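Dear colleague,

I am handing over the structure below, and after it you will find my notes on what turned up when I went through it. Please read them with the coordinates open beside you.

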Amino acid sequence: MVWRVPTGKRKAVVLLSGGLDSATVLAMAVHEGYDAHALSFRYGQRHTIELEAAARVAKALGATRHVVADIDLRVFGGSALTDDTLAVPHHASADELGDEIPVTYVPARNTIFLSFALAWAETLDASDIFIGVSALDYSGYPDCRPEYVAAYETMANLATKAGVEGRQRLRIHTPLIQLTKAETIRRGLELGVDYAWTHSCYDPVDGRACGTCDSCLLRGRGFAELGLTDPALSTTG
């Protein structure tokens, strides 16, 4: 795969899962003029379909480079996404979703992912990291909250050579953190994101979105609020 030649613009590391939120964030970073270096993870998740989606998104939206890091969180388990003994919950509608931390939460995942992003940003001499967390749709996830991101950013500036030497201050961008799923989708569509490129399902069936896991239901509700059909769900029949 051939990536764009860097243009000398400001560099940023963008965490890219291949899902709706991260695709939107990548589009926003590129739109803001960053040379976006996309970072995905093969972390022992139930499926790697999302990595195929991440590759499509990175290429289509003009990432300068796309890297997939290999780590194995299955050695710890504790999440339905990394432990085959735990079932992914399914519901009839998004109205059934509660505020408690669900079993699909992967312990410390965002902390781990941000640490990798921080390491890459330092080698790139980049001072910007983008992550697609949302405190509204995932209020049950402790590592998607503004106070978590603020604390991590403070730590990051104490833990890097660039931060300690005062050469540049690292900033963690969370442009979706106060947006609903519908607002996120609307912004992505304005920036030319084709959400058929993306994959967010926790428990796909034959490579297709199940339509009833938490992630599918939240996506579906967001599109419905805009009078649209989620392209992922429209092919689940």
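Glutamate 153 has a relative accessible area of 17% and is therefore buried, since the cut-off for that class is under 20%. Please keep in mind throughout that this is a predicted model.

The side chain of glutamate 153 meets that of arginine 169 in a salt bridge, with 3.9 Å from N to O. Because glutamate 153 sits in helix H4 (residues 146-158) while arginine 169 lies in the loop between helix H5 (161-165) and strand S5 (171-173), the pair ties together parts that are 16 residues apart in sequence. Unlike its buried partner, arginine 169 counts as exposed, at 53% relative accessibility.

This pair belongs to a wider set, as a search of the whole structure finds seven salt bridges. One of them joins lysine 181 to aspartate 21, whose closest N and O atoms are 2.9 Å apart. Here the link is between distant parts of the chain, with lysine 181 in helix H6 (residues 181-190) and aspartate 21 in helix H1 (residues 20-31), 160 residues apart. Both lysine 181 and aspartate 21 are buried. Another salt bridge is formed by arginine 74 and aspartate 72, the closest N and O atoms being 3.0 Å apart; arginine 74 counts as exposed at 52% relative accessibility, whereas aspartate 72 counts as partly exposed at 34%.

Aspartate 21 also appears in an annotation: an unreviewed UniProt entry places the feature "binding site" at a set of residues including Leu16, Ser17, Gly19, Leu20, Asp21, Ser22 and Leu26. From this set, the lining of the largest cavity takes in Leu16, Ser17, Gly19, Leu20, Asp21 and Ser22.

I looked at two of the annotated residues in more detail. Serine 17 is placed in the loop between strand S1 (11-15) and H1, and it is partly exposed, with a relative accessible area of 37%. The side chain of serine 17 reaches the backbone nitrogen of glycine 19 at 3.0 Å, and, leaving aside neighbours within four places in sequence, serine 17 is in contact with Ser22, Glu50, Leu51 and Ala54. Leucine 26, in turn, lies in helix H1 and counts as buried, at 0% relative accessibility. With neighbours within four places in sequence again left aside, the contacts of leucine 26 are Val14, Leu16, Ala36, Val57, Ala58 and Leu61.

With best wishes

How values were computed
Residues numbered from 1 in each chain as written. Predicted model: local features only at pLDDT ≥ 70, side-chain atom pairs only at ≥ 80, totals over all residues. Heavy atoms only, no water. Salt bridge = Lys/Arg side-chain N within 4 Å of Asp/Glu carboxyl O. Helix = DSSP H or I, 4+ residues; strand = E, 2+ residues; numbered from the N terminus. Buried < 20%, exposed > 50% of the residue type's maximum accessible area, 1.4 Å probe, protein only. UniProt positions renumbered as here; feature names shortened; annotations may be inferred. 1 Å grid on protein atoms, 1.4 Å probe; cavity = no way out; pocket = protein on both sides within 12 Å on 5 of 7 lines; lining within 4 Å. Contact = heavy atoms within 4.5 Å. Polar contact = N/O pair within 3.5 Å; in protein donor to acceptor, adjacent residues only side chain to side chain.
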